[in-house]
Structures are given as C-alpha cells and as structure tokens.
Number of protein chains: 2
Amino acid sequence: MALLNKKFILARHPVGIIAQEDFTMQQEPTRKLKYGEVLVQNQYISLDPAMRGWMNSGTTYVKGVEIGEVMRAFGVGTILETRNPNFKKGETVEGITGVQYFAIHDGHGLVKVDASFVPLSWYLGILGMPGLTAYFGLLDKGRPMDGETVLVSAAAGMVGSLVGQIAKLKGCKVIGIAGGKEKCDYLKTELGFDAVIDYKNEIVSTKIKEYAPSGIHIYFDNVGGEILDTALLNLAIGARVVICGAISQYNNTSFIGLKNYMKIVTARGTLTGLIVFDYFSRAAEAFNDLNLWVKEGKIKYREHIVEGIEKFPETLQMLFAGKNNGKLLLKL
Amino acid sequence: MALLNKKFILARHPVGIIAQEDFTMQQEPTRKLKYGEVLVQNQYISLDPAMRGWMNSGTTYVKGVEIGEVMRAFGVGTILETRNPNFKKGETVEGITGVQYFAIHDGHGLVKVDASFVPLSWYLGILGMPGLTAYFGLLDKGRPMDGETVLVSAAAGMVGSLVGQIAKLKGCKVIGIAGGKEKCDYLKTELGFDAVIDYKNEIVSTKIKEYAPSGIHIYFDNVGGEILDTALLNLAIGARVVICGAISQYNNTSFIGLKNYMKIVTARGTLTGLIVFDYFSRAAEAFNDLNLWVKEGKIKYREHIVEGIEKFPETLQMLFAGKNNGKLLLKL
C-alpha cells in the first residue's frame with residue numbers, strides 16, 4: 001500500500017530570520033519498508049526553538065539538516081506498518097519523525113508512548129523534549145534550594161512556564177520575563193509567579209533589581225542576548241546561570257557578545273548549559289514527576305495547536321515572533 | 001619614633017589604560033599606633049593584574065580603592081612596632097599593606113610567614129596570591145585529569161606559568177599562549193610545556209586546532225577578550241573554562257563581549273571563575289605542595305624585581321604591557 005507523503009524539505013540554510021522560501025513542500029508516494037523499518041503516521045509535529053539551529057549548516061550539538069533533507073522535527077504518531085520486531089502496528093510512538101505525514105523510521109530513538117492516560121500531544125510538550133529540558137535544566141543544572149530566587153526568561157513559553165512552576169514547587173521565589181501584558185498576566189494569575197517583567201513595556205534591569213534586591217540565585221536563560229547580559233548584572237553569590245537556548249540569537253547573523261560574563265566570576269557563579277538529549281536515559285524520572293504534578297493541579301500546561309502541514313513555515317515564524325500561547329504544535 | 005612614610009595614593013579612577021597621573025606620591029610621618037595595630041615595614045610590594053580592577057570605583061568582588069586612599073597592594077615586610085598581642089616585633093608578615101614604606105595595620109588578614117626557609121618575596125608569588133590562584137584555579141575549579149589537554153593564556157605570567165607546570169605534574173598535555181619568541185621559548189625549553197602559541201606572531205585559532213585536535217578539556221583564562229572567545233571554539237566535551245582574570249579587558253572602557261559562549265553549552269561545558277580570597281582558609285594545602293614541588297625542582301619560578309617605590313606607576317604599566325619576565329615585584 002503506497003501512501004502519498006507530503007513533506008517539507010530544507011531548501012536553503014537561512015541567513016538571519018527564517019523565510020518561507022527556506023522550505024519547499026514536496027509530495028511523493030511512500031516507498032516499501034526494508035527490514036527493521038516502521039512507517040509512522042504523524043499526528044502532531046512539534047515546533048521548537050532548536051529548529052533554527054538545526055537549519056544551519058555544520059554541526060553544533062547535533063548535525064544540521066542538509067539541503068534537500070526533510071526538516072527535522074519531533075512528532076508523535078501511530079505505527080501504520082512495521083518490519084521491526086520491536087514495534088507493532090497501531091502502537092503510538094514519539095521521536096524525530098520530521099515535518100511530514102508519513103515517516104519511514106529505523107526505530108532508533110523512537111519511544112513508545114501511552115496515550116490512554118494523557119493526550120498524545122503531551123509527549124511533544126510537557127512529557128517531551130520541552131518538559132525534560134525544563135525539569136533537568138532547573139533541577140539538575142540549576143539545583144534550586146528552598147528560599148532562593150529564580151529568574152526565567154521566555155517565561156510564557158513551554159520551557160519557561162514549566163521552569164517557573166517547578167521552581168515554585170521547590171520553594172523558590174520566581175520572577176518571569178515575558179513580552180506583553182497578556183502573557184505577564186497569565187504567569188502571575190494562572191501560574192502563580194511571584195513577579196513578572198514585561199520586557200516590551202518595562203526596563204528589565206530596573207525591575208530585576210526591584211524584585212530581586214538580594215540578587216538572583218538561578219537564572220534560567222531561554223533567550224540569550226541583552227536579557228542574559230542584564231541578568232548577569234544581578235547575580236547573588238553562588239549563582240547558577242543555566243543556558244537553555246538562545247532564541248533571540250538563532251536568527252542573528254552576528255551573534256551578540258556577552259559583555260558581563262565577569263559578573264559570573266565575581267559572584268562565584270557558574271555558567272552551564274543543557275543539551276536535553278543527554279537526559280533521555282533519565283526521562284522516566286521526569287515523566288513521573290511531571291505527570292503527577294499536572295494531575296494534582298500543581299502545574300498548568302497549555303498547548304497552541306495549528307492545523308494543517310501546509311502551515312508549517314508560517315507557524316515556525318510565529319514561534320520566533322513569540323506569538324504563540326503555550327506549546328506550539330502542528331496537528332495533521 | 002615617627003618615621004617618614006612615602007606612599008602612592010589613588011589620584012583618580014583611570015579611564016582605559018593606566019596613566020602615571022592616576023597616582024600621586026605623598027610623604028608624611030607615621031602616626032602613633034592605637035591598641036590592636038602594628039607597624040609594618042614593607043620589603044617587597046606585589047604588582048598584580050587585579051590592581052586595575054581595584055582602581056575602578058564601585059564594588060566588584062572587593063570594594064574599589066577610593067580617591068585619596070593608599071593604593072591597595074599585597075606586601076611582605078617586618079613588624080617594626082606592635083600594639084597587637086598576636087604579633088611580635090621582628091616577625092615577618094604578608095598581607096594588604098599598600099604601596100608605601102610603612103603600613104599601619106589592624107592585623108586583620110595579616111599572615112605570619114617564615115622567611116628562614118624560602119625568600120620572603122616568595123610569599124607574594126608562588127607562596128602568595130598568584131600561587132594560590134594557580135593552584136586552586138587549576139585543581140579545584142579545573143579538576144584536571146590524567147591525559148587531558150589544558151590550554152592556558154598569559155602562560156609566561158606568574159599564574160599562567162604555574163598553572164601549566166602543575167597541569168604537567170597532573171599528567172596533562174599543556175598548551176600555553178604567550179606573546180613573543182623569548183617567552184615562548186622559555187615555556188617550552190625551561191618549563192616543559194608541550195606546545196606554545198605566540199599570539200603576537202601566530203594565528204591562535206589555527207594553532208589551537210593544530211595542537212589540540214580533540215579539543216581543550218580545561219581552558220585557564222588569564223586574559224579575556226578575543227583569546228577567550230577563540231578558545232571557546234575548541235572545547236572538548238565536558239570542558240571546564242576557568243576565568244581567572246581579564247587583563248586584556250581591565251584597561252578597556254568598553255568590555256569586549258563573549259561571542260561564542262553557546263559553545264560552552266554545546267560542549268556540555270562549564271564556565272566558572274576564581275576569586276582567590278575564597279581560598280585563603282585552605283592556603284596551607286597549596287603552600288605544602290608548591291613548596292615541595294619547587295624544592296624538588298618540579299616547578300620553576302622566577303621573579304622580576306624592580307627597585308624603588310618611586311617606580312611604582314611605570315612598573316604597573318610594564319605589567320599591563322606584558323614586559324615583565326616572571327613575578328613582578330617592587331623592592332623597597
């Protein structure tokens with residue numbers, strides 16, 4: 001049974017901001033499976049800040065997507081056909097399935113997920129890469145202690161909103177940075193952040209000093225650039241700076257330098273980063289806690305779902321413009 | 001007995017490079033001691049890169065020197081008079097005694113040193129702040145392991161030359177960065193560095209790749225700026241970047257930003273710094289090892305001694321121009 005696959009391939013490595021022309025949509029019938037392969041029908045595709053990095057040529061923490069290859073993406077879907085003894089037809093899986101209807105996958109890195117207790121889409125969000133990023137980035141790299149002050153940027157984003165909520169559960173004072181009144185209100189009233197800074201309408205440096213007069217113990221950075229530099233000016237002794245992404249920088253052709261890095265030294269602090277792939281072997285720890293916290297109502301989680309694979313390029317642009325509310329997904 | 005004190009006071013906070021006019025020499029008789037005070041006759045004064053930071057207004061890791069105050073400096077000398085029961089006349093001590101002949105000191109932070117086994121001046125170098133900096137910066141922050149590759153900048157400087165030699169003792173491959181043929185030759189032939197990069201005559205990035213094809217496990221940074229940024233491009237997985245100073249940056253009015261800090265993240269690395277004051281309580285550990293290593297000939301140590309307090313401003317300028325060979329001291 002040949003199916004008509006619809007997919008987005010990388011047409012060129014972007015320079016600066018992502019353009020629709022960086023991708024080309026193609027259609028072609030699926031080929032026959034070889035031994036060891038499975039055919040996955042994607043149900044949801046995840047849109048993540050890391051995609052911008054994957055679109056560059058060369059290797060950073062993973063190899064970049066090459067011109068002509070299917071755009072890399074995490075997806076969840078159903079096994080339609082299988083020639084791999086580890087997977088059965090009808091099972092639901094999560095993995096790098098790409099921006100396409102149907103993925104032929106060798107099973108490596110493909111994880112079976114149970115969609116009978118939680119929505120399948122959760123495995124791309126709170127129970128997926130962003131959830132692991134927030135969980136291990138905060139708990140393993142940040143090591144929050146009761147009574148400490150945590151600052152998180154892109155706080156209304158998927159990772160940021162989880163980091164803030166987990167930090168609250170750990171007894172921290174949480175300050176979020178987000179853009180616009182709607183997001184800020186959401187963080188304060190819905191998610192229980194102690195303070196929120198609207199970087200579009202407030203002076204971030206002034207507000208950090210106001211809300212964290214004794215300094216920041218953990219700065220969880222999701223944006224890089226000027227906000228990171230500003231946060232460095234306000235570190236408490238022993239501060240941990242956790243770099244998780246640099247969404248403000250991915251699209252920049254010339255990377256903005258970190259001017260205040262000596263503040264890490266004078267604060268006896270540490271700058272470190274998180275590559276979520278390193279934590280896949282410990283995913284169960286995170287899933288147990290996160291699942292429980294959501295079910296107990298201790299953590300709130302929302303999704304922003306766009307329908308139709310054709311909308312992939314514009315939806316990715318929406319992500320980098322910060323226009324999504326919640327975890328951004330394409331539903332196929 | 002009133003003595004005529006000669007001292008350098010800070011005349012202004014420098015903008016950019018240190019000028020002779022940033023200091024004024026003054027003479028005045030010493031006053032009588034109050035209870036708890038001692039009078040120290042400085043024999044050697046230490047010239048250290050940290051001095052540039054101390055000359056700025058405001059507080060970084062320590063309070064800056066204020067206009068009209070004696071310039072801060074570490075010194076070693078002899079107790080001439082004492083009204084402090086913890087110190088006896090004739091004892092030799094090390095501490096912050098300032099750029100002056102005679103210091104009146106409350107004893108706080110003043111350490112008795114034994115000049116019968118090693119030259120007194122050593123307590124400003126290998127058995128002083130630079131020695132502690134190298135020892136704990138490398139061993140406690142860098143945590144070198146047998147077979148790892150260590151890159152150190154300002155490698156011919158006091159701290160750098162010790163870091164490289166200690167790293168060799170720990171079984172590491174050591175690459176030094178220094179300026180000029182003479183310094184580079186010294187590091188290779190006298191101190192046993194595995195490779196040396198002459199930043200004045202070679203392209204640092206190319207040479208790092210050549211000498212460390214599998215990347216750098218520890219980068220011990222004494223200079224900041226472009227060399228730091230270049231080193232970040234060549235980190236091995238799990239690299240530790242130890243920031244010890246930023247001598248290239250102290251004199252800059254606009255700090256050069258760190259462009260490649262995301263490489264720390266992709267390398268699963270850590271950037272941390274060293275404030276040597278934090279290790280004073282553990283000084284004995286370092287002294288025992290360093291003293292032994294020098295006596296056994298495992299570590300070589302040299303001093304660059306300039307005579308006469310009047311030469312303080314020009315000698316400090318010499319330090320920042322990188323014209324000294326070995327630990328720079330003023331002999332009074």
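Which strands of chain B does helix 3 (residues 158-169) of chain B lie across? In this predicted model, the helix lies across strand 8 (149-152), strand 9 (173-178) and strand 11 (216-221) of chain B. Its direction is at about 165° to that of strand 9 of chain B. A helix of chain A gives a further view of how helices and strands are arranged. Helix 5 (residues 204-211) of chain A lies across strand 8 (149-152), strand 9 (173-178) and strand 10 of chain A, and helix 5 runs at about 170° to strand 10 of chain A.

These strands belong to a sheet that draws on both chains. The sheet is open and is formed by 12 strands, with mixed pairing. Read across, the order is 10(A)-9(A)-8(A)-11(A)-12(A)-13(A)-13(B)-12(B)-11(B)-8(B)-9(B)-10(B). At the edges stand strand 10 (195-198) of chain A and strand 10 (195-198) of chain B, each of which pairs on one side only. From one strand to the next, the twist averages 15°.

The place where the sheet passes from one chain to the other deserves a closer look. Here strand 13 of chain A pairs with strand 13 (residues 270-273) of chain B in the antiparallel sense, over 3 bridges. In general, strands of a sheet pair through backbone hydrogen bonds, in either a parallel or an antiparallel way. Within this pairing, A:Leu271 stands opposite B:Leu271, while A:Thr272 has B:Thr270 as its bridge partner.

Contacts between the chains involve 21 residues of chain A and 21 residues of chain B. On the side of chain A that touches chain B, helix 8 (262-266) and strand 13 (270-273) of chain A each supply at least two residues. By class, that side of chain A has 12 nonpolar, 6 polar and 3 charged residues.

How are the two copies related in space? Chain A can be laid on chain B by a turn of 180° and a shift of 0.0 Å along the axis, with an RMSD of 0.1 Å. This is the relation of a two-fold axis. Among the residues of chain A, A:Gly257 comes closest to the rotation axis, with its C-alpha at 2.0 Å. The interface tells a matching story: 100% of the interface residues of chain A are also interface residues in chain B, so the copies meet through the same surface.

Terms used. Residues are numbered from 1 along each chain as its sequence is written. Chains are lettered from A and ligands numbered from 1 in the order in which they are written. This is a predicted model: local features need pLDDT of at least 70, side-chain atom pairs count only at pLDDT 80 or more; totals for chains, interfaces and linings use all residues. Two residues are in contact if their C-beta atoms, placed from the backbone, lie within 7 Å. Helices (H or I, at least four residues) and strands (E, at least two) are DSSP runs, numbered from the N terminus. Ala, Val, Leu, Ile, Met, Phe, Trp, Tyr, Cys and Pro count as nonpolar, Asp, Glu, Lys and Arg as charged, and the others, Gly among them, as polar. Two strands pair if DSSP finds at least two bridges between them. Copies are superposed by least squares on the C-alpha atoms of residues with pLDDT of at least 70 in both. Axes are lines fitted to C-alpha atoms, for helices over the stretch in contact, and angles run from 0 to 180 degrees between N-to-C directions.
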